[in-house]
Amino acid sequence: MLQIAVTGKPNVGKSSFFNSATSSKVEMANYPFTTIDANKAVAHVVTDCPCAELDLTCNPRNSKCVDGKRFIPIELIDVAGLVPGAHEGKGLGNKFLDDLRQAKVFIHVIDASGSTDVEGRPVDAGTHDPLEDIEFLENEIIMWMYGILSKNWTRLIRKIEAEKLDISKVIHEQLSGTGIAIEHIIEAKRPINPDYFKWEKKELIELVSNLLRIAKPMLIIANKADLPSSEENIKRMKEKYPNLIPASAESELALINASKVGLIDYKPGDASFNILKEEELNDNQKKALEYIKTNILEKYGGTGVQKALNAAIFDLLNMIAVYPVEDEHKLTDQKGNILPDAILIEKDSIPRDLAYMVHTDIGDKFMHAIDAKTNMRIASDFKLSNGDIISIITHG
Ligand SMILES: Nc1nc2c(ncn2[C@@H]2O[C@H](COP(=O)(O)OP(=O)(O)OP(=O)(O)O)[C@@H](O)[C@H]2O)c(=O)[nH]1
Ligand SMILES: [Mg+2]
């Protein structure tokens with residue numbers, strides 16, 4: 001399953017974000033290094049389910065559908081906090097950084113309120129500038145990957161020369177286990193001096209920065225947006241990082257918990273909620289809900305948690321959800337389930353790519369595909385888009 005890593009310095013709310021997105025109960029506390037061992041669980045990205053526009057009732061198998069919204073599973077990993085110097089082992093950094101290897105995209109959680117110092121220790125709200133945290137973390141991740149790439153570099157270069165090997169392939173092998181594709185490496189090294197025998201630290205770092213930008217993009221989440229000192233910081237940071245998403249993991253947890261016990265009507269991603277059992281709420285709960293409504297939902301259009309997951313997959317990784325079916329008339333699988341599976345695939349993929357995502361065997365036996373919304377056969381270079389329902393015709 002596609003993995004998103006939740007990363008950042010200690011004590012910013014990574015585990016709170018993780019718990020709110022996955023309904024897990026890992027420990028959260030106001031001191032650094034509460035989390036040591038990485039936690040993994042399933043979260044969901046949400047998109048419009050085609051069942052709504054087609055006026056159908058679907059029977060999802062690999063995902064869920066709630067009120068015409070399709071919730072598609074992804075894996076979230078919550079890791080230990082990183083401090084400056086992590087790539088040199090500070091704060092157990094090397095071990096912690098290796099937990100990020102598999103991730104396709106990073107959600108970088110920062111404490112927008114400035115109430116934790118650079119190593120995550122609580123300080124007076126507003127006394128630390130969270131902008132500094134964005135820069136140091138990016139640098140740590142670059143230096144970590146540089147460490148992996150540059151290991152035995154001189155020996156590797158000699159080997160490439162002696163055995164006439166392809167540099168991209170060798171780099172690909174060196175970075176195996178990071179999910180970085182050879183195409184990413186080819187693209188990342190394009191702007192760098194082609195004479196790789198002359199590459200030094202500067203060129204390798206440039207290569208790694210390009211690679212990370214292409215292959216493992218990072219989304220910044222300004223968490224603790226509910227605290228008063230966050231507002232000014234968010235405004236200021238947005239000028240430099242316009243894609244930054246303000247969030248309040250703590251508010252999302254509160255809303256989800258209230259919704260689970262039936263006090264309110266709320267689902268992840270909603271920008272509002274309805275109180276269902278006013279009489280069962282005590283004064284503190286009423287105040288808390290009112291606070292979240294005015295200071296988070298109305299101000300930022302949601303708690304930011306679901307928005308962040310969606311942005312990571314649909315915007316940063318440029319993915320779309322496509323629905324393979326076996327019966328293009330009934331839009332079902334063999335067992336009669338309507339729109340059973342939602343598959344996350346890169347935008348502009350072609351039908352054969354989808355066939356391979358469904359199963360290697362289906363990919364190998366691919367003949368052509370049918371757009372099940374129009375019942376028309378589609379070209380082999382047809383570019384899939386979000387919400388497409390596709391029937392794959394195979395031979396044999
Ligand atoms: N006000 C506010 N506090 C939050 C929010 N999210 C988390 N916190 C608090 O921040 C502190 C740290 O939360 P954690 O989720 O443990 O943070 P972490 O980043 O996982 O910390 P480490 O595991 O130590 O790296 C806790 O006291 C949380 O209650 C939020 O959205 N708003
Ligand atoms: Mg934690």
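**Exercise 1.** Which element gives the most residues to the shell around ligand 1?

*Solution.* The structure is a predicted model. Begin with the shell as a whole: 23 residues surround ligand 1, and Gly 13, Ser 15, Thr 35, Gly 81 and Glu 250 come nearest. Next, list the elements that contribute two or more residues; these are helix H1 (14–22) and H10. Of the elements, H1 gives the most, with 3 residues. By character, the shell comprises 9 nonpolar, 10 polar and 4 charged residues.

**Exercise 2.** Determine what span is expected for helix H11 (residues 283–300), and describe the surroundings of this helix.

*Solution.* Step one: H11 has 18 residues, and at 1.5 Å a residue it should therefore span 26 Å. Step two: the C-alpha atoms at its ends are 25 Å apart, which agrees. Step three: H11 bends by about 35° at Lys 293. Step four: Leu 289, Ile 292, Ile 296, Leu 297 and Tyr 300 of H11 are buried. The buried residues of this helix pack against strand S7 (245–246) and helix H10 (249–260). Just after H11, Gly 301 has a positive phi of about 75°.

**Exercise 3.** Is Leu 331 buried or exposed? Carry out the corresponding assignment for Phe 33.

*Solution.* Leu 331 lies in the loop between strand S10 (319–325) and strand S11 (343–346). Because 22 other C-beta atoms lie within 10 Å, Leu 331 is buried; the cut-off is 20 or more. Phe 33 is located in the loop between H1 and strand S2 (39–48). Phe 33 has 16 C-beta neighbours inside 10 Å and so counts as partly exposed. Most residues other than glycine have a negative phi. Phe 33 nevertheless has a positive phi of about 60°, and Leu 331 likewise has a positive phi of about 60°.

Terms used. Residues are numbered from 1 along each chain as its sequence is written. Chains are lettered from A and ligands numbered from 1 in the order in which they are written. This is a predicted model: local features need pLDDT of at least 70, side-chain atom pairs count only at pLDDT 80 or more; totals for chains, interfaces and linings use all residues. Helices (H or I, at least four residues) and strands (E, at least two) are DSSP runs, numbered from the N terminus. The expected span of a helix is 1.5 Å times one less than its number of residues. The bend at a residue is the angle between axes fitted to the seven residues ending there and the seven starting there. A residue is buried if 20 or more other C-beta atoms lie within 10 Å of its own, exposed if 12 or fewer, and partly exposed in between; C-beta atoms are placed from the backbone. Two residues are in contact if their C-beta atoms, placed from the backbone, lie within 7 Å. A residue is near a molecule or strand if its C-beta atom, placed from the backbone, lies within 6 Å of it. Ala, Val, Leu, Ile, Met, Phe, Trp, Tyr, Cys and Pro count as nonpolar, Asp, Glu, Lys and Arg as charged, and the others, Gly among them, as polar.
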